[in-house]
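Let's walk through this structure together, beginning with one helix and then widening the view. Keep the 3D view open as you read.

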Amino acid sequence: MDGAGIEIVKSGPYRRKQYWNRPTMSWWEKAYLPEVVRGLVITGGVFLKNMARWITLRKGALTTYYPEETRADYARRNRGKHVLTQRPDGRPQCIACNMCATVCPAKVIEIEAAFDPDDPVHPKYPARFEIDYSRCIFCGLCVEACPEDAIRMVKEVPDLPAHDRHHMWLSLDELLTWQPQRDVAKPYPAKGAASRGGQR
Amino acid sequence: MMQDLVVSLVFIGYAVGVLLLFGTVLTWVERKQAALMSDRIGANRAYVRIPFTHIKLVWWGLFHGLADGLKMMLKEDFRPNAYDRFAYAIAPWVVFTPVLLVFSVIPFGGLLVPAKLAPALSSWFGDRSYPMQIARVDAGLLVVFAFGGLTIVGAMLAGWSSSNKFSLLGALRAGSQMISYELIMGLTVLGLILIYGTVDLTHIAQQQSGVLLGFLPAWGIFLQPFAAILFLTAAIAENKRIPFDLPEAESELIAGYYTEYSAMKMGLFMFAEFIEIAIIAALFTTLFLGGYNLPFMTDEGFSFPGGHVVPLSHTTVVLLQLVVFLVKVLIMSSFQILVRWTLPRFRWDQLLRFAWRFMFPLALTNLVVTAVVVWTVQG
């Protein structure tokens, strides 16, 4: 009774809570119809603009057809997919040391090493080098681990939409498609000039 | 007599064909227009491959409607355990049929004289003429409202017989909303009836090929601009589309009164909604946009306000009227889709307040003003 922790709730008519950020609208906005017309003009304008672009054979959308079309705005440092760098004669620079496969946190790299008696400096080479892109996390640790600068990442993403995970592997052929014209690390021959055993 | 039957069958075939075409094409229009309005590309993956070749016809995703229809045909026709079997089964048809029937009184062209189309027909048809309309009813507008009112029954039946609380809530909402907005639709059209002095849709369409104030085409939208806006709003509400889609609001009621429907039964509800877009567009065209005629155009040809007259052959007029009607309907359908992808949904109390405290007084005012003006002008 005398303040023993009992709070007496006074009942009264229900009062709607007033929010501090209650939106305020001018009479023009409350009239609703002009604002509706304004909204229709905005959306209709976007519609007509995009329609005009499609009709005049340009692209009227911000989104891209995937996978037919690649985005143009990937960052220069985007880790999209792996490439294997090549010796001047076109063979992979990889020495099949398995460092990348060891460091890979997702364990997606599989390398099968082979022996090449013709090249006494680099007798070990990868007979198979495959990456499972269904599991790759694109962390770039393989690039850092490589002692030979044999694996790098480029900004383009692998073109691999498939109906099951077994079709999401890239093998040596697809990884060796990188043909840079200018590379600071080492000189590359012009296209077509490289042939196996040419600079032996 | 035989000639009348043939012409009627041709008209019915044309009307049904047009409605079904609009029903399927509008699903595509809705998808693509929504995509364009939001800077997207839109559905474009369904294709038809020409057999034994690798040629895939994509056609900007037009086949998605076909794929939808096929999916709905092949899906399991799930039936809820406890329901009123009969009411549950007929509810989609009660919604779907009146929507198709409304089109029977809408004129989709002027007077057709088969003898003037081709000389070969003149011996058989003689000098018979047919207004391009399935049912020549004096009470055209009343028939429209009578059939329009029937769709409420379908929605209520569907919601009640499904034994689902969401369905029931949706049906209750559908009932109160559609009755409220039907009233407003009727009130807005009354003004037009006062001006035209008839409820026959053919006469209304013919009267709109005149000239107003010397330069304007005498379209209903210039005679009754307020009524046009109110009518379109009420019609969209009647069709239960955003921003008035409370009866089937996904975020609140799953699918409202057709929650328990699946496969083609649910497809019928959807199809009825899309056909009703075309119906509303056709009705709006007939009442407010000069019907099947271009501005200053009659069954004889153009007669411009300056006194310049361009007579047209009967075949040209008929083809032009058919095409003009379809184009107007398509534009109005597209406008409804624009509204659907622009405005957010009302709250339930806002919806009814909007009907009874905003649109109802406006419609009444419009009617009173129209009545006074018509009385002073006509004496």
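A good place to begin is α14(B), which has a kink of about 35 degrees at B:M359. The proline B:P361 follows shortly after that kink. Please keep in mind that this is a predicted model, so what you see here is computed throughout.

How far apart are the end C-alpha atoms of helix α14 of chain B? They are 43 Å apart, and the helix runs over residues 348–378. Its 31 residues, at 1.5 Å a residue, should span 45 Å, so the two values agree.

Now look at which parts of this helix face inward. B:L351, B:F354, B:A355, B:M359, B:A363, B:N366 and B:T370 of α14(B) are buried. The kink residue, B:M359, is thus among the buried ones. Two of the elements that cover these buried residues are α7 (165–196) and α10 (225–238) of chain B.

From α10 you can move on into the loop between α10 and α11 (250–253) of chain B, where B:P243 sits. The peptide bond that leads from B:I242 into B:P243 is cis, with omega near 5 degrees. B:K240 belongs to the loop between α10 and α11 too. Although B:K240 is not a glycine, its phi is positive, near 60 degrees. Is B:K240 buried or exposed? It counts as buried, because 25 C-beta neighbours lie inside 10 Å, and the cut-off for burial is 20 or more.

Chain A offers another positive phi: A:N98, also a residue other than glycine, has a value near 70 degrees. You will find A:N98 in the loop between β1 (81–84) and α3 (99–103) of chain A. With 16 other C-beta atoms within 10 Å, A:N98 is partly exposed.

Stepping back to the whole of chain B, you can count 14 helices and 8 strands. Its radius of gyration is 22 Å, close to the 21 Å that the globule rule gives for 379 residues, so chain B is as compact as a globular protein of that length. The C-alpha trace of chain B spans about 65 × 65 × 50 Å along its principal axes. Of the 379 residues in chain B, 42% are buried. Among contacts in chain B between residues at least 6 apart in sequence, 76% join residues at least 24 apart.

Finally, turn to where the two chains meet. Here 14 residues of chain A are in contact with 11 residues of chain B. On the chain A side, 8 of the residues are nonpolar and 6 are polar, with no charged residues.

Terms used:
Residues are numbered from 1 along each chain as its sequence is written. Chains are lettered from A and ligands numbered from 1 in the order in which they are written. This is a predicted model: local features need pLDDT of at least 70, side-chain atom pairs count only at pLDDT 80 or more; totals for chains, interfaces and linings use all residues. Two residues are in contact if their C-beta atoms, placed from the backbone, lie within 7 Å. Ala, Val, Leu, Ile, Met, Phe, Trp, Tyr, Cys and Pro count as nonpolar, Asp, Glu, Lys and Arg as charged, and the others, Gly among them, as polar. Helices (H or I, at least four residues) and strands (E, at least two) are DSSP runs, numbered from the N terminus. The expected span of a helix is 1.5 Å times one less than its number of residues. The bend at a residue is the angle between axes fitted to the seven residues ending there and the seven starting there. A residue is buried if 20 or more other C-beta atoms lie within 10 Å of its own, exposed if 12 or fewer, and partly exposed in between; C-beta atoms are placed from the backbone. The radius of gyration is taken over C-alpha atoms; the globule rule is 2.2 Å times the number of residues to the power 0.38.
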